[in-house]
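Colleague: I should be grateful for a close look at a single part of this chain. Please begin with the part itself and then describe what surrounds it.

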Amino acid sequence: MIVELLRPEKIVTGLRGELSQALEQLFARSSFPERVNEFRAALAQRNSRLYSYVGDETVVPHVRIEGLPRPEMILGLARDGVRLDGRLVKVLLFLATPAEWTEEHLQLLQRLSSVLPAIKDELLAASGAGSAWNVLAKGEREAGKATYFNLTQQQVAFELQTDLERGLDAAEAERRLLHYGPNVLKRSRKTPWYLKLLRNFFSFFAVLLWMAALLCYVPGVDMPQLGSAIFVVVLVNGLFAYLQEEKSDRALEMLQNLIAQCCRVMRDGLRSEIDAATLVPGDLIFLDEGDRVPADARLIEAFEVEVDNSSLTGEANPARRYKSDRPILVSGKFLWIELPNIVFAGTTVVKGNARAVVIGTGMHSEIGKIAGLTQAIRTEDSPLQKQLRGTVVAVSALAGALGAVFLLLGWLVAGLSFFEALVFFIGLFVANVPEGLLPTVTLALAMGVTRMAKRNALVKSLPSVETLGCTTVICCDKTGTLTQNLMMVTELYVDGKRLDVSGVGYRSEGEFSLDGRPLSLEEISRWPALRRLLECAFICNNARLEKTGAADRVLGDPTEGALVTLAEKAGIRGTHQRLHLNPFESIRKRMSVAVQVDGRGEKLLYVKGAPLETLGRCEFLFENGAMRRLEDGDRRRIAAENDAMASRGLRVLALSYRDDAELQNASYEAETMERRLVFLGLAAMSDPVRAEVPPAIRACHAAGIRVIMITGDYALTAASIGRQIGLGDGASLSARSGAELSEMDDEKVRAILAGGETIFARVSPEHKLRIVSLLREMGEVVAVTGDGVNDAPALKRADIGIAMGLRGNDVAKEAAHMILADDNFGSIVAAIEEGRAVFDNIRRFAAYVLNSNPQEIYPYIFWVLFPGMPLAMTVMGVLAVDVGTDLIPAMGLGVEPPEKGIMERPPRRRDEKLLSLKFILRSYFVQGSLLAFSCYATYCYMGWLLGVWRPGLGLSAMPASPPGLKLDQASPAYLQSLTAYFFPTVTTQIANVLCKRSWKTSLFSREFLNPLYRRELLEKLAGWRPRPYTARVRIDHPVAAVSVKEIAKAFFAPVSALALLPFKLLLMGGAKIAVALERPVIVPLAARLSRFMERHPVFLNLVSNPLIDLGILCELALCYLFFYTPLARIYFFAPVPWHVYLFAFHGAALLLIFEEVKKYYRRRGHPLEFLG
Amino acid sequence: MLPTAAFLLKLSKHLAFLTSLFILGRASGRVDVDPLWIFGAAALASALHLASRAFRMRSVRQMQSGSATR
């Protein structure tokens, strides 16, 4: 934070004289020489000397300047000291911040006040500016990013130029609003509306209609009215499409919704309610239970305040916040958002009330900074999106070029008219452009989304599905994802003995054992120290357990819930009256409860807290039923026991009590009560690992995926959990802390990340973002989990951001690509498996779609190259194939479940081509040619039936195309020949789709289906029962409608209900018959069918993908519509004899044999890639 | 819903392309289609296109609201 703003050239050594002279020397290094006069004036005007001295010969003169583009920081060092109000100052740091950066200004001041005094001597010992900068960098790192000095309320008021009693005056608030801007989150730069509108007017679909409209004006066509009408259609379509698009972007609104809409404020000494958007830094606000905090604010008065920070940190438990006005160094490594006397915009007050002064608004609040970070990250296309776009463009260009060459050849060489050549061009172009590919891929991804949802992974953006398939690294947090997010006491240290405690979660069943021997309840009650410790655990506690069915749920803090559970396992129920509670404070690190136990008149104090801090307040030890003085040896022994427990990843709490005479008259203040304590023992608890995680980690290792744990928890705990779940595959793992990470340069971090699985503990969101960014730079495909607002940048930066569905907040969910419904790591692995399956499926049907192209191209090539040869497939035929045969069977391929062994191969490379040139050539010339051969065979068979062709004759003998390709003048024989060529394209594709379902497993084998899936199918089949159907018919819809939509609904609902009535009655009748037949017919039939399918797997294989079967039926139904209905006049087909249809199936048989032979060799380790 | 959207999108493009072919066919005398039918094909294509987009957006919304309720 400091070294980012202070460069070595801004460090001046050898200062001397008065402070004003020293300041002039600093100003000489300013990046803003033209603003120096303003600096001088501001320092003089505000008399900032009052708050400049931060202690230990260190002074930080600071100003806020309006219009300053960025903060200015200049450091001066004076070994001999400069004089300030009669004292010597040796370290002098000038700080100027932009006026609107109020929160950053306070944050920097608190930070400087903590860091500079701590490193003063080292700074003065530094030989020059460079080494002083190194000292500063080191000092800041060692202090950790979270150490702050607490400013007093008066200083905060001074810095913000506000009155903590009367608030700002209205005019000043107005001025600040004008200068600092409203308290809202700014939208990132978006595509302007007119570009969006234009984009919709010129989409591929719109261009097709534009072409149609413009054609109407071409001389010779002359249909201007029709052209104008189509033109209007294009405009209306573009407009509606634009309006639809406008509705879709909701990301920022989610963040904005977190900020309160209105708030209570004190201005001019009067309380009023104002729009939260008009809040400015320096405003005094009032917060009550249930309020959403409108801006970042420092608490001035607070009564029992607890805030729900989950929207910012993901932390589910409310955090206590209180007024803290002492000018002290906040011990421990605190993040800014953890400071106990600041509340943040977007969080909610769940308890108590407070008065606070606003320190940061809008984009300068913490939530605003996160919004800024999130918006700054560009959303990139997924690898598949990029590939597909490239492939479609390349293939389209190739098709266009090929078509253009043949257009010229046909027109200039083959003697075709330009129109004939143009039609030829269109045909070739349409046949080659894989325009079905993109929607089909969308379908496959959508199917993947559905399947993943069934496995508790909700994917928000379709391309993320395939990105999951090439995931190489999972960066995962610990709590709730790898562990169960509950605490359970597993060990106790009492009376110098170590006890084990068993049990499950918060269930009150479990036992205590000493050296492996279980203790009875009687033994527990006869053990004074243990009994007293359990009483302390139960009484010094705010949580309670609630029975919810078979499970127990903790109401309150999970750690406290674990202690209540512990006491209940021993049958301890407190019979006491609570007199006073000193709640847990992060600075004290303990809590205490004063009670009066039934039957005893005296006061008793129970204390629990962090072991070393609590031990520090203890003077006695309860041992063997008696109290004795705590010796140094005892302290060392207890500390060693604490270290041993912590090293096993356990969270340890110390428990103690006090009941001496002095306590009886002591005041309830924590400092007075919490001393002279009697140490009882230690309770160690852990968050158990989820049972599904170790196998999921093993699956990751088998699949070549690394897991990196990134947690805010302690290093030892994280390392212990890492060992339990099998991270590192048996290798020893050490956790690196966020502070260590801050010290490392990018190269070092890269080396760690490249080294395998690792753990990062006590990390901040910035660290997480840095790790993710570096991993991505290293070429890894990174999946990252997160649950709080602060995780949003990392979630968005990751290839796959995964938000927690149960614990995660809306902003994290919004930024993520995927949401885990059960917060379970196992679901991520399942989603990766599905992602891999989706890519396989996309590849399968890409091959499937490409296989059908040669059958459409060959007729054109032969037609143009061999004059006199009829055209076997018209443009309309190509379109019929395109719409009729490509889509629905391809959808079926998209729903294929993951193939066996999919998680035993390494992740797909990010740059691995979906469609390589070799792949396209193989699809065209190997399988495609085989299919085209079958089409021509049927075509000739038709010619033979018509008596125009026989073996030995060329294709020129087939019925001729009409002159000028005027198809409405085509002969019936020619139309029949078109049908004979078209139908095999459908039948061969039926075989093709069945073959493409697996890469090497035979369609006729039992292994074709995953055993679990086969069992599920058979059970479903055996258990199928008809469902009763009740036709809900309502024709008396209310007429009292107010909107046009309601009026339309009221009008159409009865009409549609009446129209659907016959169908509903039919369904109802059918369902009644089915229900009547259930026992005598359906139940035995379903059972027999299931047994039959089990015995004959090929039948089950054929029906196991209903969508493919539906696709096949649709293809055949469309053929019927094309051949036997008026559509035949549009698509130019004619019916043929039944045996021609039958003959057309020879291609299907041929292909099946070809593919089965290929699979046979593949199973034996020969990929036979040259065969496609 | 997404499969329906993709199918409708494909069908709409098919119809838009057919519209151009009908116009060309009618101009060259190859097919005799009434201009009203051609306009109908264009209008139907547009309606299918909008419907496919509506289906796609609705399914995305459903996914989002599904995640929120969970």
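Which residues of α26(A) are buried?

Modeller: The model is a predicted one, and what follows should be read in that light. In α26(A), the buried residues are A715(A), T717(A), A718(A), A719(A), S720(A), I721(A), G722(A) and I725(A). Helix α26 of chain A spans residues 715-725, and because eight of its eleven residues are buried, the rest of the structure largely encloses this helix. Immediately after α26(A) comes G726(A), with a positive phi of about 90 degrees.

The partners of the helix come next. The buried residues of α26(A) pack against the helix α25 (693-702) and against the strands β27, β29, β30 and β31, which belong to chain A. These strands lead into two further parts of the chain.

Consider the sheet that includes β29, β30 and β31. Eight strands of chain A make up this open sheet, ordered β14-β34-β33-β32-β15-β29-β31-β30, with mixed pairing. The edges are held by β14 (457-459) and β30 (735-737) of chain A; each has a single partner strand, so one side of each has no neighbour in the sheet. On average, and with direction ignored, neighbouring strands in this sheet are turned by 20 degrees against each other. Thus β30, one of the partners of the buried residues of α26(A), is also an edge strand of the sheet.

Further along the order, β15 (residues 473-476) and β32 (residues 782-786) of chain A pair in the parallel sense, with three bridges between them. In this pairing C475(A) stands opposite V784(A) of β32(A). Another helix, α29 of chain A (residues 765-777), lies across β15, β29 (706-710), β31 (759-761) and β32 of chain A, and runs at about 165 degrees to β32(A). Strands β29 and β31 are therefore met by α29(A) as well as by the buried residues of α26(A).

The other strand in the surroundings of α26(A) is β27. Seven bridges connect β27 (residues 651-658) of chain A with β28(A), and the two strands run antiparallel; within this pair, L653(A) is opposite A683(A) of β28(A). Strand β28 of chain A covers residues 677-686 and is mostly covered, with ten of its ten residues buried.

β28(A) has further pairings. With β16 (residues 488-494) of chain A, it pairs in the antiparallel sense over six bridges, and there E491(A) faces A684(A) of β28(A). With β25 (residues 618-623) of chain A, β28(A) is joined by three bridges and runs parallel; in that pairing L621(A) stands opposite F679(A) of β28(A).

As for the setting in the whole chain, the secondary structure of chain A comprises 45 helices and 34 strands. Of its 1172 residues, 46% count as buried. Among contacts in chain A with a separation of 6 or more, 73% are between residues 24 or more positions apart.

To return to the part requested, α26(A) is a helix with eight of its eleven residues buried, packed through those residues against α25, β27, β29, β30 and β31 of chain A, and followed by G726(A) with its positive phi.

Key: Residues numbered from 1 in each chain as written. Chains lettered and ligands numbered in written order. Predicted model: local features only at pLDDT ≥ 70, side-chain atom pairs only at ≥ 80, totals over all residues. Helix = DSSP H or I, 4+ residues; strand = E, 2+ residues; numbered from the N terminus. Buried ≥ 20, exposed ≤ 12 C-beta atoms within 10 Å, placed from the backbone. Contact = placed C-beta atoms within 7 Å. Pairing = 2+ DSSP bridges. Axes fitted to C-alpha atoms, helices over the stretch in contact; angles between N-to-C directions.
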